[in-house]
Amino acid sequence: MGPELTVPPTYSPIPPAIHPRHEEIEARTTAWAKRFSIGSDELRGRLVTHGIGGFSARILPEGREEVVSLLADFVLWLFGVDDGCCEESDLGHDPGELTGVLHRLLRVAQNPEAPVLPGDSLAEGLRDLRHRVSRYGTAGQAARWIDALREYFFSVVWEASYRRSGAVPSLPDYTLMRLYDGATSVVLPLLEMGHGYELQPHEREHTSVRAAAEMASFIITWDNDIFSHHKESRGPGYYLNVLRVLQTEYGISQDEALTTAIAQRDRVMTLFMRLSAQLRQQGSPQLRQYLHNLGSFIRGSQDWGITSLRYTTPDDPARLPSTLRSTPTDDSHAPLDIPVISWWWDLVPAVHAPAREVGDGARTHACAAQPAG
């Protein structure tokens with residue numbers, strides 16, 4: 001357990017919003033968790049206090065109510081997998097056994113009628129989710145949802161290998177895998193379903209559009225690591241998040257790692273806003289809606305992260321901000337020195353590109369939170 005960290009307000013240029021029926025959505029998700037007995041009684045008792053219905057209502061504040069409820073139930077199910085099978089279970093230290101369990105669950109998602117894991121609560125919950133994905137989405141969206149679930153499962157096994165060894169991955173490796181093990185990509189098809197459109201392949205798979213989705217994932221997962229650090233670092237087991245990775249990578253303190261992580265997410269946020277504006281100029285109405293949905297996903301994750309009992313941990317209060325800030329700590333147009341994502345900056349012409357780069361070792365971490373210029 002490290003020294004106490006005080007997380008300052010983080011930057012968001014995106015306005016807050018929440019679905020007007022968030023309370024009803026919350027109640028239905030609580031009932032769904034109980035109906036399918038997701039996780040142990042103790043775990044489920046915690047999950048239903050975390051405001052997951054409200055989280056989904058922030059992600060899709062203008063979405064179809066039935067899809068917002070589907071998303072809420074799915075997010076709770078994901079926590080049932082992540083907390084119950086990985087972080088709080090011996091299974092999370094055994095990549096081989098975990099792979100088998102996750103592949104059986106993947107088979108349930110692919111073929112819910114198959115007699116796989118009969119009577120298993122996670123499998124039964126996933127069957128229900130799969131039927132609803134088919135009901136509210138297209139065949140293509142269902143296929144992408146399953147593909148993203150496979151990516152998520154693959155990354156969870158990768159994390160289990162580090163949990164078993166107690167090692168900490170390099171910053172580039174962690175950055176790459178965090179794009180998947182944060183389960184952000186598996187939410188993306190539901191953004192389309194929530195507004196009743198399907199982004200055409202030539203737009204969704206365009207390099208710049210894919211980069212925008214990856215930027216959103218980076219921001220959401222860096223924010224989650226920052227807000228969850230208190231909870232995770234005080235747990236009895238192994239934990240892995242960006243602050244620990246930065247400390248190991250650069251040999252810096254927790255406070256310095258926090259400053260660096262915030263500067264990194266701020267720089268990506270400014271890039272995301274610039275790229276989104278560029279894509280909106282010539283994109284279809286569906287693409288503009290998708291970009292708007294990505295922004296709501298980012299802002300909704302921020303608002304939920306600083307208010308959810310999952311991270312505020314009132315029995316051992318985390319020092320999280322109660323507000324957000326309107327200006328970034330780092331607005332440089334220079335790429336981060338993380339090779340797996342530095343290509344993002346090639347997609348948007350830089351107006352001004354200061355030479356200093358966040359993440360370039362101990363040389364830069366101390367000044368990472370200062371505006372570039």
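This section describes the nonpolar core, two helix pairs and several individual residues of a predicted model.

The largest nonpolar core holds 116 residues. Within this core, W77, L149 and L294 touch the most other members. Helix α4, spanning residues 65–87, supplies the largest share, with 14 residues. The surroundings of W77 were examined without counting residues up to four places away in sequence. On that basis, W77 touches two aromatic side chains by name, W32 and F153. The other contacts of W77 are I38, L105, L122, G125, L126, L129 and L149. L149 thus appears both as a contact of W77 and among the three residues that touch the most other core members.

Some partners of W77 recur in a helix pair. Helix α5 (residues 95–110) packs against helix α6 (residues 121–136). The axes lie 8 Å apart, at an angle of about 30°. Angles under 35 degrees count as roughly parallel. The two helices, α5 and α6, are therefore roughly parallel to each other. Their crossing is right-handed. From α5, the contact draws on L105, V108, A109 and Q110. From α6, the contributing residues are L122, A123, L126, R127 and R130. Sorted by class, the contact has six nonpolar residues, one polar residue and two charged residues. L105, L122 and L126 belong to this contact, and each of these residues also touches W77.

A second pair is formed by helix α11 (residues 207–233) and helix α13 (residues 254–282). Their axes come within 9 Å and cross at roughly 155°. Angles over 145 degrees count as roughly antiparallel. Helices α11 and α13 are therefore roughly antiparallel to each other. The crossing of α11 past α13 is left-handed. On the α11 side, the contact involves S208, V209, A211, A212, M215, A216, F218, I219, W222, D223, I226 and H229. On the α13 side, Q254, L258, A261, I262, Q264, R265, V268, M269, L271, F272, L275 and L279 take part. This contact comprises 18 nonpolar, four polar and two charged residues. The spacing of such contact residues can be read against helix geometry. An α-helix has 3.6 residues a turn, so residues three or four places apart point the same way. In α11, the contact residues include M215, I219, W222 and I226. In α13, they include L258, A261, R265, V268, F272, L275 and L279.

Helix α11 also carries H230. The cut-off for a buried residue is under 20% relative accessible area. H230 has 8% relative accessibility and so counts as buried. Leaving out residues up to four places away in sequence, H230 touches E4, T313, D316, P317 and A318.

Two further histidines sit in loops. H50 lies in the loop between α2 and α3 (52–59). H50 is buried, because its relative accessible area is 6%. With neighbours within four places in sequence set aside, H50 is in contact with W304, S308, L309 and R310. H50 and E24 are 26 residues apart in sequence, and their C-alpha atoms are 15 Å apart. H333 is placed in the loop between α15 (309–312) and α16 (362–365). H333 has a relative accessible area of 17% and is therefore buried. The C-alpha atom of H333 is separated from that of N241 by 25 Å. Along the chain, these two residues are 92 residues apart.

Helix α9 (residues 188–195) is mostly covered. Seven of its eight residues are buried. These are L188, P189, L190, L191, E192, M193 and G194. The list of buried residues in α9 thus includes the acidic residue E192. Just after α9, G196 takes a positive phi of about 70°.

Positive phi values also occur at residues other than glycine. A183 has a phi near 60°. This residue is found in the loop between α8 (171–181) and α9. A183 is buried, because its relative accessible area is 10%. S37 has a positive phi of about 50°. S37 is located in the loop between α1 (22–35) and α2 (41–47). At 35% relative accessibility, S37 is therefore partly exposed.

Terms used. Residues are numbered from 1 along each chain as its sequence is written. This is a predicted model: local features need pLDDT of at least 70, side-chain atom pairs count only at pLDDT 80 or more; totals for chains, interfaces and linings use all residues. Side-chain values use heavy atoms; hydrogens and water are left out. A nonpolar core is a set of buried Ala, Val, Leu, Ile, Met, Phe, Trp, Tyr and Cys residues joined through side-chain atoms within 4.5 Å. Buried means under 20% relative accessible area, exposed over 50%, partly exposed in between (1.4 Å probe, protein chains only). Helices (H or I, at least four residues) and strands (E, at least two) are DSSP runs, numbered from the N terminus. Contact means heavy atoms within 4.5 Å. Axes are lines fitted to C-alpha atoms, for helices over the stretch in contact, and angles run from 0 to 180 degrees between N-to-C directions. Angles under 35 degrees count as roughly parallel, over 145 as roughly antiparallel, 65 to 115 as roughly perpendicular and the rest as oblique. A crossing is left-handed if the near helix is turned anticlockwise from the far one by less than a right angle, and right-handed if clockwise. Ala, Val, Leu, Ile, Met, Phe, Trp, Tyr, Cys and Pro count as nonpolar, Asp, Glu, Lys and Arg as charged, and the others, Gly among them, as polar.
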